[in-house]
Amino acid sequence: MTDVTAPTRPGFSEYLADLNRAQKSGAGVPAYTRWVNRRLARGVAASAAALGLTPNAVTILSAGLSAVGLAMMIVFEPSWWSALATAALLAAGYVFDSADGQVARLTGASSPAGEWLDHVVDAIRTPAIHLSVAVAVMLHRPDLIWLAVVALLFTVMSVGQFMSQILAEQLVRNRGGEAAEASGTRKSLLLLPTDTGILCWSFAFWAAPPVFFVVYAALFVINTVHTAASMRRKYRKLAAR
């Protein structure tokens with residue numbers, strides 16, 4: 001009688017090697033995402049695949065980490081431990097958010113439902129981050145009312161930027177694709193203030209709300225200028241098709 005054994009799942013090292021071989025150049029991607037977040041995400045994705053976690057499970061873990069981080073900001077008074085915990089949890093959520101698609105590619109589990117779930121979580125998390133700032137300000141530092149106003153403006157801007165990016169990708173995909181823009185290290189560094197990872201770690205300054213106000217407002221201004229330029233560029237490219 002022939003002994004038939006089930007195929008064994010590849011281990012962490014094999015999955016990580018596959019991801020390292022398949023990585024894009026990252027040219028023009030903001031520096032933190034390019035050199036920190038993507039590297040951490042490869043490790044998370046390889047671990048998740050080796051453990052048998054599905055891409056959707058990684059997406060849910062990402063949402064949970066972000067939600068706990070924001071809840072800590074709202075529930076606890078500003079302090080160094082709560083601020084660092086909020087920043088670390090948000091940054092971890094960003095790592096897992098980058099890992100779910102890699103798990104899907106490693107395991108061949110890509111699906112429209114998984115992509116939908118990923119986008120829905122991002123669409124909720126994007127405004128939730130800034131709305132949480134506004135709520136935390138009103139609960140803990142109502143004297144910094146202008147910080148709450150900036151947070152509400154940041155909410156509107158970030159939602160518009162998210163929709164602009166997603167819709168542009170879908171429309172370009174439906175019309176046959178577009179050549180990727182080539183850019184190098186200099187652009188990655190210049191785009192650092194627009195990096196989601198930098199926004200996540202900026203919450204470490206919540207321990208000193210007036211300092212956080214300055215950092216957060218600066219990020220809002222820079223991101224607003226960048227978003228306006230990006231939207232103009234996307235509109236012109238789509239209008240020319």
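Buried means under 20% relative accessible area, exposed over 50%, and partly exposed in between, using a 1.4 Å probe and protein chains only. You're working with a predicted model, so local features need pLDDT of at least 70, side-chain atom pairs count only at pLDDT 80 or more, and totals for chains, interfaces and linings use all residues. Residues are numbered from 1 along each chain as its sequence is written, and side-chain values use heavy atoms, with hydrogens and water left out.

**Exercise 1.** Work out whether serine 66 is buried or exposed, and list its contacts.

*Solution.* Start with the location: serine 66 sits in helix α3 (helices are DSSP runs of H or I, at least four residues, numbered from the N terminus). Next, its relative accessible area is 3%, so serine 66 is buried. Finally, skip the neighbours within four places in sequence, and serine 66 has contacts (heavy atoms within 4.5 Å) with Leu89, Leu90, Gly93 and Arg125.

**Exercise 2.** Find the largest nonpolar core and say which helix supplies its largest share.

*Solution.* A nonpolar core is a set of buried Ala, Val, Leu, Ile, Met, Phe, Trp, Tyr and Cys residues joined through side-chain atoms within 4.5 Å. The largest one has 30 residues, and Val133, Leu147, Phe203, Trp206, Phe212 and Tyr216 touch the most other members. At least two residues of this core come from each of α3, α4, α5, α6, α8 and α9. Helix α6 gives the largest share of this core, six residues. Now zoom in on valine 133: beyond residues up to four places away in sequence, it touches Met73, Leu147, Ala151, Phe203, Phe212 and Tyr216.

**Exercise 3.** Locate the nonpolar surface patch and classify isoleucine 145.

*Solution.* For patches, take residues with over 30% relative accessible area and no salt bridge, and join nonpolar side chains (Val, Leu, Ile, Met, Phe, Trp, Tyr) within 5 Å, or like charges within 9 Å. Here a salt bridge is a side-chain nitrogen of Lys or Arg within 4 Å of a carboxyl oxygen of Asp or Glu. That gives Met138, Ile145, Trp146, Val149 and Leu153, making a nonpolar patch of about 490 Å². Four of these residues, the largest share, come from α6. Isoleucine 145 lies in that helix, and its relative accessibility is 38%, so it counts as partly exposed.

**Exercise 4.** Check the confidence of the model and pick out a stretch below 50.

*Solution.* pLDDT is the predictor's confidence in each residue, from 0 to 100. Its mean for the protein is 92, and 93% of the residues reach 70 or more. Over residues 178-182, though, the pLDDT is below 50, and this stretch has six contacts in the model beyond near neighbours in sequence.

Notes
Areas by Shrake-Rupley, 256 points an atom, 1.4 Å probe, with all protein chains shown as cover.
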